[in-house]
Amino acid sequence: MPGLIDGHVHTFGSTLNDALRFGVTTVMDQFTPPDFVATKRGAREEVGRGTEADLFSAGMAATAPGGHGTQYGVPVETLTGPDEAAGWVRARKAEGSDWIKIIYEDGSAYGREIPSLDGETVAALVEAAHAEGLAAVVHVSILDRALEAASFGADGLVHVWHDEVISEADARRLAEADIFVVPTLSVMASAADSAVAELVREAGEAMLSRMQRQTLADRFARGLGEAAAVATENVRRLRAAGVRLVAGTDIPNPGTGAGISMHGELRLLSRAGMGSAEVLAAATSVAADAFGVADRGRIVEGHLADLVLVRGDLEEDVSGSHDIVAIWKDGYLVERGLGGAPAVAALQAAAVPAPAETLVADFENGLEATFGAWDLTTDQMAGGSSSASMAVRDGALVVTGEIAAGVAFPWAGVIWMPGAQPMQPVDFSGREVIRFRTRGDGGEYSVMLISSAAPTGPPPTVTFVAPEEWTQVEIRLEDFPTATPEIIAGLAFVAEGPVGIFGFEVDEVEVR
């Protein structure tokens, strides 16, 4: 079959390597830093041997100040009104965005309230994108906004809504508008469906990278079982009305994994009533047409030789798509073993060498660190309301606060940033463990390892317990499920739940 195309990803770490190892030869990224996209453009425009899927991307997304998309620490140029739309779109085109992604999300589908662009601004962005020759896709999670986006002339919706089931009449109107929909059932099904769990058992855990294992193991704090059922019925009705459907996963959200979740998405689309041949088209030719990528998604003369050889007839039963014999990218046979070397090399190239000193801080001189600096970190940057405070008492760092419900990943605590600048990556190659002493309320806490100044997904974590009496904790860097544990932009010592008051202390922190 043609190489698979994932219509909705967010790229970081080993995403492109992991995707390719599972037959996803092209990804459509819906939000990632433009400078990162620029580093990948050459690979997709040249035919040659490589270890990554090709990346096409919207680059920066359009959103309101404090709106969805601003919570990840990535610089975002926000909008406050329709008069800013034309200039904003021109700037994205100059950065190399392949299409325009617009966030039309107020959080109501998740029981939250977050700032959102208004309809007039969304309509102006769609018009501006078309004026610049770019497609416009819209992030929605409720039906009313999906229908509004379609009325504004949007080319695609990059989620299916899950607040209510669409009427047959409205589904027909979407079909008549020739809008495409990327349902991303994988995200909503991750907490309630066994599609990917089945795949992990069938494909074997040995095939999974550290990052895949981490994101697959994560879970949303709020269950999405009912939403998954509504979303599946919406897909069923859209398909019946003739709406173009594109397969996409929205990795690396909790419960998803790059590459492997694409095969889960195919199964979920099949369960939503699509025939096997339709599902394959949604992940190949329909996806290529929707995003205007002319040389992929089909096995025809003149197209890239992105090919996947599988056992069995997938037009009869698409659930066997993961049973891969071989993969070719640009005509070259792909080595499916783990590695992620290019992503590792890129991070190492951006990082500065760590100082020879192994002691980070013993707190004998307050918050002063041997190198780097300490600060607070909470989910307030993601629209949450958890809180934390820190103080030095009796030569130890005391961290207290409260975890509050309201976001998918609640957290609060402290972060140590080792670089001369905030979140500057530092290369600790040759170091093996993070060592520290801790005590507290007996609760379970986490050490988060942030490798990049611009992460686009949840960082890898390792948990520890803070007992009433002082105890020493050692965490091996290799225990963090990431391809680059030696690259550290930040180490956060945080509470992630349950909801309520927390308190712990840390002392004698080392990276050795």
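Student: Which residues of H11 are buried?

Tutor: The model is predicted: local features need pLDDT of at least 70, side-chain atom pairs count only at pLDDT 80 or more, and totals for chains, interfaces and linings use all residues. Residues are numbered from 1 along each chain as its sequence is written, and side-chain values use heavy atoms, with hydrogens and water left out. Helices (H or I, at least four residues) and strands (E, at least two) are DSSP runs numbered from the N terminus, while buried means under 20% relative accessible area, exposed over 50% and partly exposed in between (1.4 Å probe, protein chains only). In H11, the buried residues are Ile260, Ser261, Met262, His263, Gly264, Glu265, Leu266, Arg267, Leu268 and Leu269.

Student: How far does H11 reach from its first C-alpha to its last?

Tutor: Helix H11 covers residues 260–271 and has 12 residues. The expected span is 1.5 Å times one less than the number of residues. For H11 this gives 16 Å, and the helix comes close to that, reaching 17 Å.

Student: Which residue with a positive phi follows H11?

Tutor: Of the 12 residues of H11, 10 are buried, so the helix is largely enclosed by the rest of the structure. After H11 the chain has a phi near 105 degrees, at Gly273.

Student: Which helix gives the largest share of the largest nonpolar core?

Tutor: A nonpolar core is a set of buried Ala, Val, Leu, Ile, Met, Phe, Trp, Tyr and Cys residues joined through side-chain atoms within 4.5 Å. The largest has 73 residues, and those with the most contacts inside it include Ile102, Leu125 and Trp161. Its largest share is 6 residues, from residues 119–131, which form helix H4.

Student: How many residues are in the other core, which lies apart from it?

Tutor: The other core has among its members Val360, Trp416, Val462 and Leu491. Its number of residues is 36.

Student: What is the handedness of the crossover from E4 through H4 to E5?

Tutor: Strand E4 (residues 100–103) points Ile100 and Ile102 one way and Lys101 and Ile103 the other, and all are buried. E4 pairs with strand E5 (residues 136–139) in the parallel sense over 4 bridges; strands pair if DSSP finds at least two bridges between them. A crossover counts as right-handed if, with the strands pointing away from the viewer, the path from the first strand over the helix to the second runs clockwise. By that rule, this β-α-β crossover is right-handed.

Student: Why is one side of E1 and of E3 left without a neighbour in the sheet?

Tutor: In this open sheet, 3 strands run in the order E1-E2-E3 with parallel pairing. Strand E2 (residues 24–29) is joined to E3 by 4 bridges, and Met28 has Phe56 as its bridge partner in E3. One side of E1 (4–9) and of E3 (54–57) has no neighbour because these strands stand at the edges, each with a single partner strand.

Student: Which residue of E25 stands opposite Arg435?

Tutor: Strand E25 (residues 500–511) is mostly covered, with 10 of its 12 residues buried. Strand E16 (residues 396–403) is joined to E25 by 7 antiparallel bridges, and its Gly401 stands opposite Phe502. Strand E19 (residues 433–440) runs antiparallel to E25 over 6 bridges. Opposite Arg435 in E25 stands Glu510.
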